[in-house]
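Thanks for making time this morning. I would like to walk you through one structure slowly, so please have the sequence and the model in view as we go.

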Amino acid sequence: RAYIERRGRHEPFAYITGECGFLDLTFFVDRNVLIPREETEILAQSALWALGKSPAYFDPKIPRLPKKESYRVLDVGTGSGCLAVSIARHCGSAFVDALDISGDAIAIARRNAERHSVANRIEFIKADFLNDSINTRKYDLVVSNPPYIPENDIPHLSDSVKNYEPYTALAAGKDGLIFYRALAERASSLLMDHGMIIVECGFDQGKKVREIFSEKGMETVVLKDLAGIDRIVAAKGAS
């Protein structure tokens, strides 16, 4: 009865049960982290394809990274850790740095890494990607499902989102594009030669996000989600 009452107040089912499925794994979630979405599974599959894996039911338009014994991956805004953990779990040669501004989110992500036996290949970093000075390590692959909702749009979201999911995981300035600009601006300092950035974006942002990376001289590819919406942008750096 208590669960029914909570659901009646539009609390997301995943927060009520404390778990959410993502790809073929189950993740701990609470109100400190965004609930993993189906769209983000395409981002995870894109990352795994780039790393040389062959996810089921995936349309391989994303370029692949050169073959290496090991890969260094950065997950910006890791939240529950669904991307970092899935990449580490399905690619044994991937070593992931998982960054988030929220210490509470990192605690959840660390629990999920331990749950799926990949904590030894994930380093958790508490930092503000937009403002803090991040370490100078370079990466083969940077992935991110960043906050991308314009601040003025937050009040128009469904009650289950705006009243329960963390604001910092949703809102991203006036136009929702601040993280993409920051990633594009830092691409040369973040990426190794032939490195790649793969991001998820909002339903009407695909063209703009692609342009942000293209303007930095990066080769871009856009993937649609199951609803036919431009959802994933991959940007490859010059050699």
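Let me begin with a question: what covers the buried residues of α7? Before I answer, please keep in mind that what you see is a predicted model. Helix α7 spans residues 178–185, and in this helix F179, Y180, A182, L183 and A184 are buried. What covers these buried residues includes two strands that we will meet again, β3 (71–76) and β6 (139–144), together with α8 (187–190), β7 (191–200) and α9 (206–214).

Now to the sheet, which is open and has seven strands in the order β5-β4-β3-β6-β7-β9-β8, with mixed pairing. The strands β5 (122–126) and β8 (219–224) stand at the edges, and each has a single partner strand, so one side of each is left without a neighbour in the sheet. From one strand to the next, the twist averages 15 degrees. If you look at β3 and strand β4, residues 94–100, you will find them paired in the parallel sense over six bridges, and Y71 has A94 in β4 as its bridge partner.

Two helices pack on this sheet: α3 touches β6, β7, β8 and β9 (230–236), whereas α4 touches β3, β4, β5 and β6.

Finally, α3 (residues 38–50) and α4 (residues 82–90) pack with their axes 10 Å apart, at an angle of about 40 degrees, and they are therefore oblique to each other. At their contact, T40, L43, A44, A47 and L48 in α3 meet L83, S86, I87 and H90 in α4, and by class this makes six nonpolar, three polar and no charged residues.

Key:
Residues are numbered from 1 along each chain as its sequence is written. This is a predicted model: local features need pLDDT of at least 70, side-chain atom pairs count only at pLDDT 80 or more; totals for chains, interfaces and linings use all residues. Side-chain values use heavy atoms; hydrogens and water are left out. Buried means under 20% relative accessible area, exposed over 50%, partly exposed in between (1.4 Å probe, protein chains only). Helices (H or I, at least four residues) and strands (E, at least two) are DSSP runs, numbered from the N terminus. Contact means heavy atoms within 4.5 Å. Axes are lines fitted to C-alpha atoms, for helices over the stretch in contact, and angles run from 0 to 180 degrees between N-to-C directions. Angles under 35 degrees count as roughly parallel, over 145 as roughly antiparallel, 65 to 115 as roughly perpendicular and the rest as oblique. Ala, Val, Leu, Ile, Met, Phe, Trp, Tyr, Cys and Pro count as nonpolar, Asp, Glu, Lys and Arg as charged, and the others, Gly among them, as polar. Two strands pair if DSSP finds at least two bridges between them.
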